[in-house]
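Please report on the cysteines, charged pairs, helix packing and backbone outliers of this model.

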Amino acid sequence: MKLSIGIDWSDKSHTICFREFKTRRILAEFEIEHSAAGIEELENKVEALGCTPDDCLAAIETNDGMLVNYLLESGYPVHPIPPAAVKDYRGRRRRTGAKSDRDDAQLLSDMLCQDLDLYPQMDSASPLSREIQVVYRARGQMVKHQTQVLNRLTHNLKAYFPAVLGLFSGLDRQITQAFLAAFPTQRAAQDASAEDIRGFLEEQGYRRSDKIPKIIEKLHAPVIPVPDWQAEAGKYLTEALLAELAVLTEQIQKLEKRLARLLEQHPDTVIFQSLPRVGLILAAGFIGELGDCRQTFNDASEIQALAGTSPVTLQSGQTKVVRFRYACNKPMRHLLQQFARQSARADGSAWARGYMTHQLERGHSKSRAYRALANRWLVIIFRIWQDQTLYNENYHLRNIAQRGAKSPSLRLEKAA
């Protein structure tokens, strides 16, 4: 007997529904705690029906968490179902807007019985790939938080010490933070002599001696007076934000060191680092988001849809609308956007620069052009990932030349 298991999960408990896969008959409904005892109860009920994990199909509205990890490690085929799909299916089954955990568990188990092909099984990526994904995403969240702190710091400095903005290459630089510690307010900077400022910069090992006169001139230029209370409040807020920034920077560096150690162990690292301008972080992103179970995707179009690089076409009668794909793997979309930008740089890929130029000449925005470039790249990435071969720019350019340049974007490629 094959079981379809619907799991409506939450932080403290999970509502479960067992169905016989062929007949769709409900065999059991129960609730378990989110604990070791709850997991043991689930296992006992599966065993009581004479089934093993291989006989089960588990439907759940998430693809991560302790429960999902346990099911995967125990050999249960897990089929993540998007919440939007459950909502649509609920509307199909019920005219009212009624909703309960029990109903959702029933719906999830029934969706697999009727539309199993629509909800692919979650890949059984290796523990190494899954750890890379977790660390890569954690770093991404840290970087996002770091950006928010930098924005708050910028906003605060504009209110009482705008002269420091643009003084050095960034607010996250060590010299900027040292400067704010030495000259915490606008008045402190203006009261310092040119020799004091020059001495500070030399002490910090500042090498751009040609810029020192401009720095001094900017700090001593007339400014709008700032009340003492505002300068004092701004100074203390700056100190707090710099302390938070220091912690974030340290933790980001630790995560990057961990990623470096993990990538040394993964066989696919060399594949993704053969792509133009792919370093540690982007390689970790590709391994983490694609995994290493190559049977997960049948062709590149599935990854393009997952990453949100391909648009959605809506057609009814003579009306046809092509729109942005909102539902996607957001970390993967961000990863592909970053890679597209890197690949189109001067020391990146020749064909990628040509393709970007053509997209911009057609009037597309930079964001759309990069998304289109990422969509093209995914075809190549899928192929080298499947074949486990390194990317070869010259080989790709020869293939383009053999097919013939059909658009202005390929003239550069053909010439190369």
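## Cysteines

No disulfide turns up: a search of the whole structure finds zero. The term stands for a pair of cysteine sulfur atoms within 2.5 Å. This is a predicted model, where local features need pLDDT of at least 70 and side-chain atom pairs count only at pLDDT 80 or more, while totals for chains, interfaces and linings use all residues. Residues are numbered from 1 along each chain as its sequence is written, and side-chain values use heavy atoms, with hydrogens and water left out.

Why does Cys 17 form no bond with Cys 113? The sulfur of Cys 113 is the closest cysteine sulfur to that of Cys 17, but it lies 8.8 Å away, too far for a bond. Cys 17 is buried, at 0% relative accessibility. Cys 328 is buried too, with a relative accessible area of 19%. Buried means under 20% relative accessible area, exposed over 50%, and partly exposed in between (1.4 Å probe, protein chains only).

## Salt bridges

The count of salt bridges comes to 16. Each needs a side-chain nitrogen of Lys or Arg within 4 Å of a carboxyl oxygen of Asp or Glu. The table gives some of them.

| Pair | Closest N to O distance |
|---|---|
| Arg 25 and Glu 20 | 3.3 Å |
| Arg 139 and Glu 256 | 2.9 Å |
| Asp 387 and Arg 383 | 3.1 Å |

Arg 139 lies in helix H5 (residues 127–160) and Glu 256 in helix H10 (residues 228–265), so this pair ties together parts that are 117 residues apart in sequence. Helices (H or I, at least four residues) and strands (E, at least two) are DSSP runs, numbered from the N terminus. Arg 139 is buried at 16% relative accessibility. Its partner Glu 256 is partly exposed, at 24%.

The Asp 387 and Arg 383 pair sits within helix H16 (residues 366–387). The two residues are four apart, about one helical turn. Asp 387 is partly exposed, with a relative accessible area of 43%. Arg 383 is also partly exposed, at 43%. Arg 25, which pairs with Glu 20, is partly exposed at 49%.

## A buried glutamine

Gln 106 belongs to helix H4 (residues 101–115). Is this residue buried or exposed? Gln 106 is buried, at 12% relative accessibility. Its side chain makes a polar contact with the side chain of Glu 29, at 2.5 Å. A polar contact is a pair of N or O atoms within 3.5 Å; within protein, one must be able to donate a hydrogen and the other to accept it, and residues adjacent in sequence count only if both atoms are side-chain atoms.

## Helix packing

Helix H10 also meets helix H12 (residues 280–290): their axes come within 10 Å and cross at roughly 60°. Axes are lines fitted to C-alpha atoms, for helices over the stretch in contact, and angles run from 0 to 180 degrees between N-to-C directions. The contact (heavy atoms within 4.5 Å) involves Glu 256, Leu 259, Ala 260 and Leu 263 of H10. From H12 come Leu 280, Ile 281, Ala 283, Ala 284 and Ile 287. Glu 256 thus serves in this contact and in the salt bridge with Arg 139.

## Positive phi

Most residues other than glycine have a negative phi. Arg 24 has a positive phi of about 65°. Arg 24 is in the loop between strand S2 (13–20) and strand S3 (26–33), and is partly exposed at 36%. Arg 277 has a positive phi of about 60°. Its loop runs between helix H11 (269–272) and H12. Arg 277 is partly exposed, at 30% relative accessibility.
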